[in-house]
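Dear colleague,

Here is the structure I promised to hand over, and below it you will find my notes on what turned up in it. Please read them with the model open beside you.

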Amino acid sequence: MTYATDRLHEEIAYIAYHFHWSLEDILDLEHRDRRRFTEQIASLVARASAEG
């Protein structure tokens, strides 16, 4: 199974935007770790929005 290129680019952009990590650092992550970071970022963003 291959991972959709568009989805990969979305994850990279999302992590880079929020954590200011380099492309190289993000690509070095395992897929599951990258997904975990995107989920955690989404949780932090949602919490910050709720706290307003």
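**A charged pair and its surroundings**

The side chain of Glu-11 makes a polar contact with the side chain of Arg-34, at 2.8 Å; a polar contact here is a pair of N or O atoms within 3.5 Å, where within protein one must be able to donate a hydrogen and the other to accept it, and where residues adjacent in sequence count only if both atoms are side-chain atoms. Before going further, please keep in mind that this is a predicted model, in which local features need pLDDT of at least 70 and side-chain atom pairs count only at pLDDT 80 or more, while totals for chains, interfaces and linings use all residues. Residues are numbered from 1 along each chain as its sequence is written, and side-chain values use heavy atoms, with hydrogens and water left out.

Glu-11 is found in helix H1, and Arg-34 lies in helix H3; helices are DSSP runs (H or I, at least four residues), numbered from the N terminus. Glu-11 counts as buried because its relative accessibility is 1%, and Arg-34 also counts as buried, at 7%. For these classes, buried means under 20% relative accessible area, exposed means over 50%, and partly exposed is in between, with a 1.4 Å probe and protein chains only.

If neighbours within four places in sequence are left aside, Glu-11 is in contact (heavy atoms within 4.5 Å) with Tyr-3, His-31, Arg-34, Arg-35 and Thr-38. With the equivalent neighbours set aside, the contacts of Arg-34 are Tyr-3, Leu-8, Glu-11, Ile-15, Ile-26 and Leu-29. The side chain of Arg-34 also reaches the backbone oxygen of Leu-29, at 3.4 Å.

**Salt bridges**

A search of the whole structure finds five salt bridges, a salt bridge being a side-chain nitrogen of Lys or Arg within 4 Å of a carboxyl oxygen of Asp or Glu. Arg-34 and Glu-11 form one of them, their closest N and O atoms being 2.8 Å apart. That pair links distant parts of the chain, with Arg-34 in helix H3 and Glu-11 in helix H1, 23 residues apart.

Glu-11 also meets Arg-35 in a salt bridge between their side chains, at 3.3 Å from N to O. Since Glu-11 lies in helix H1 and Arg-35 in helix H3, this pair ties together parts that are 24 residues apart in sequence. Salt bridges that share partners join Arg-7, Glu-10, Glu-11, Arg-34, Arg-35 and Glu-39 into one network.

Within that network, Glu-10 forms a salt bridge with Arg-7, and the closest N and O atoms are 3.4 Å apart. Both of these residues lie in helix H1, three residues apart, which is about one turn of the helix. Glu-10 is partly exposed, with a relative accessible area of 47%, and Arg-7 counts as partly exposed at 32%.

**Helix H3 and what follows it**

H3 has 21 residues and reaches 30 Å from its first C-alpha to its last, close to the 30 Å expected at 1.5 Å a residue, where the expected span is 1.5 Å times one less than the number of residues. Its buried residues are Arg-34, Thr-38 and Ile-41. Seen down the axis of H3, these buried residues fall within an arc of 60°, so they line one face of the helix; the arc is that of the directions from the helix axis to the C-beta atoms. The buried residues of H3 pack against H1 and H2, whereas on the other side of H3 Arg-32, Arg-36, Ala-50 and Glu-51 are exposed.

H3 is followed by Gly-52, whose phi is positive, near 50°. Gly-52 counts as exposed, at 91% relative accessibility.

**Aromatic pairs**

The structure holds three aromatic pairs; rings of Phe, Tyr and Trp (its six-membered ring) pair if their centres lie within 6.5 Å, and planes under 30 degrees apart count as stacked, over 60 as edge-to-face and the rest as tilted. Phe-19 and Trp-21 form a tilted pair, 5.0 Å centre to centre with 45° between the planes. Trp-21 and Phe-37 form an edge-to-face pair, 5.0 Å centre to centre with 80° between the planes. This second pair links distant parts of the chain, 16 residues apart, with Trp-21 in the loop between helix H1 (5-19) and helix H2 (23-27) and Phe-37 in helix H3 (residues 31-51). Ring pairs thus link Phe-19, Trp-21 and Phe-37 into a cluster.

With best wishes

Key
Helix = DSSP H or I, 4+ residues; strand = E, 2+ residues; numbered from the N terminus.
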